[in-house]
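Me: I've got a model open and a few labels I'd like explained. Can you take me through them?

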Amino acid sequence: MFDGIMAEKITPRAQDFSQWYQDIVLQARLADYSPVKGCMVIRANGYSIWEKIQQDLDRRIKKSGASNYYFPMFIPESFLKKEAEHVEGFAPELAIVTHAGGKKLEEPLVVRPTSETIINSMFAKWIQSYRDLPLMINQWANVVRWEMRTRLFLRTTEFLWQEGHTCHATAEEAEAETRTMLGVYRDFAEEMLAMPVYFGLKSDNERFAGALRTYCIEGMMQDKKALQAGTSHNLSTNFAKAFETKFLDKDSTQKLVHQTSWGVSTRLIGGMIMTHSDDKGLVLPPRLARTHVVIVPVTPKPDTKAAVLEAARKLKAAIEADATVKALPYEIGVQVDDDDTKQAGWKFHEHELVGTPVRIEIGPRDLEKGTAVFTRRDVGQKEFIPMADLPAKIGGELAKMQKELLEKARAFRDANTTEVASYDEFKSKIEGGGFFVASWCGNSELEKKIKEETKATIRCIRLDDKFEPVRSGKPCFMTGEKSEKNVVAIFARAY
RNA sequence: CGGGACGUAGCGCAGCCUGGCUAGCGCAUCUGGUUUGGGACCAGAGGGUCGCAGGUUCGAAUCCUGCCGUCCCGACCA
């Protein structure tokens, strides 16, 4: 894990976590800064991770019943103004087009910061009867939010995401959908990104602008700060009221639809990096890798070079054909790095930097013994393995690595999650970072005070299996008052 | 928008305080040779409006003023 002393050749500057993170993004060629401040250029290495995310998450979303649509990126300004809380929440960060075609526009167009409004304008047309419900759509798109402060992947002016929007006949259905999607995100984060998350309910201060309730998943980064990795909102009838999205129910009365929206973004990539990477570079969970295995032929002498290369290529074929490997829930990439302008040592460092999960070395001495050197990126330990056993071992180790990355991150998070009984205790410990679990009375003013004094916020209110807030049964850590309404909340400093 | 730091070759930097020979160093690039089991070595070569504009001065990368840009910290946030 990160300990702040990145190898000098990679970066002499990485003294703090934030710089270390940006260096990994840049050095591993995941993304770069763009000429427009705050926007990010995603490069091949980074985009292939996004494709893996898209592919898997899209499957899960469709399984939940939603279909993919595409809506325009321009939204008439008046649409945003229809929902009071929504426009108030987003107004400061909107990019607005006032001129086009050489003329001043009669009505300015907002570049979407999210699509609730434009989608609702269509929902209102499409929905007439209870037979049209539920209507569940999803969109993969770019959105623009003019944030003051940006950071590669974590908060960029323009970012890629997936936003789901659903309409239901009843409040119960909408609430159930909100929870279902939160579960989809949680499973996805843990299974694909190997990023353990707490899930819970946002406080009123942190709620989405226009929502009744906002659920979220929260991960812990290696500097012990929290990262909101996904949100799922129960919008109730707030947007339906504003856009008159109504349906004729079985009882022949007009009713407003109950809606949800939910999304995750390219921020997930940042979260994944900050969860797993170390001072050598990126550590990529196998499920997100494009190249899973790199075979480095070590060819010190010309007379053995051909034999070594042949063995490397045979091994590649054997790995690809192996039953254990084929049993993995994803296709694996095997690369023979036979570039002879680079030395073996250089290649080792390069593949560690970009996070290739497994490295195999084959040289003349291995050929004599019938072995090869196996090294897992996250473990870093060299093992001499008989050539014949390698393919099956690789299949097994990739599965194991995926699992162990999650376990390691979870152990780290749990070790840095502390229960606090009083505000004084909290204040004395917050400087060290981490998650703090406390009994909480729910007072918004106190929440603001905590933020001002400690920079920490409520990441979420814990929920039980039935998605009911967990009752602490203890006095509030701020007021000291005991109430049945006191809940269990997680506090932390966040990105 | 507030506080701080910075801007010199493709990248990373030194030089500036205390003005003065032809503006340096590392990496990268190119050429030749030797190498190759953890980022090779030797020899040579190319590459600069010193962020921009103005001022002070015999003389400015260096001092002064203004502007532009970048990064870090805060407020904001997926």
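Reply: Sure, starting with burial: a residue is buried if 20 or more other C-beta atoms lie within 10 Å of its own, exposed if 12 or fewer, and partly exposed in between, with C-beta atoms placed from the backbone. This is a predicted model, where local features need pLDDT of at least 70, side-chain atom pairs count only at pLDDT 80 or more, and totals for chains, interfaces and linings use all residues. Residues are numbered from 1 along each chain as its sequence is written, while chains are lettered from A and ligands numbered from 1 in the order in which they are written.

Me: Which residues of α9 are called buried?

Reply: Val308, Ala311, Ala312, Leu315 and Ile319. Helices like this are DSSP runs (H or I, at least four residues), numbered from the N terminus.

Me: What makes them one face of the helix?

Reply: Looking down the axis of α9, the buried residues fall within an arc of 105° (taken from the directions from the helix axis to the C-beta atoms), so they line one face. The face turned away from that side carries the exposed residues Ala306, Lys314, Ala317 and Ala321.

Me: How do you know which residues surround RNA strand B?

Reply: A residue is near a strand if its C-beta atom, placed from the backbone, lies within 6 Å of it. On that basis 47 residues surround RNA strand B, the closest being Met148, Arg149, Gly345, Gly363 and Arg365. Of the elements, α11 gives the most, with eight residues.

Me: What is the confidence in chain A?

Reply: Chain A averages a pLDDT (the predictor's confidence in each residue, from 0 to 100) of 93, and 97% of the residues score at least 70. For the complex, the predictor gives an ipTM of 0.84 and a pTM of 0.95.

Conventions:
Helix = DSSP H or I, 4+ residues; strand = E, 2+ residues; numbered from the N terminus.
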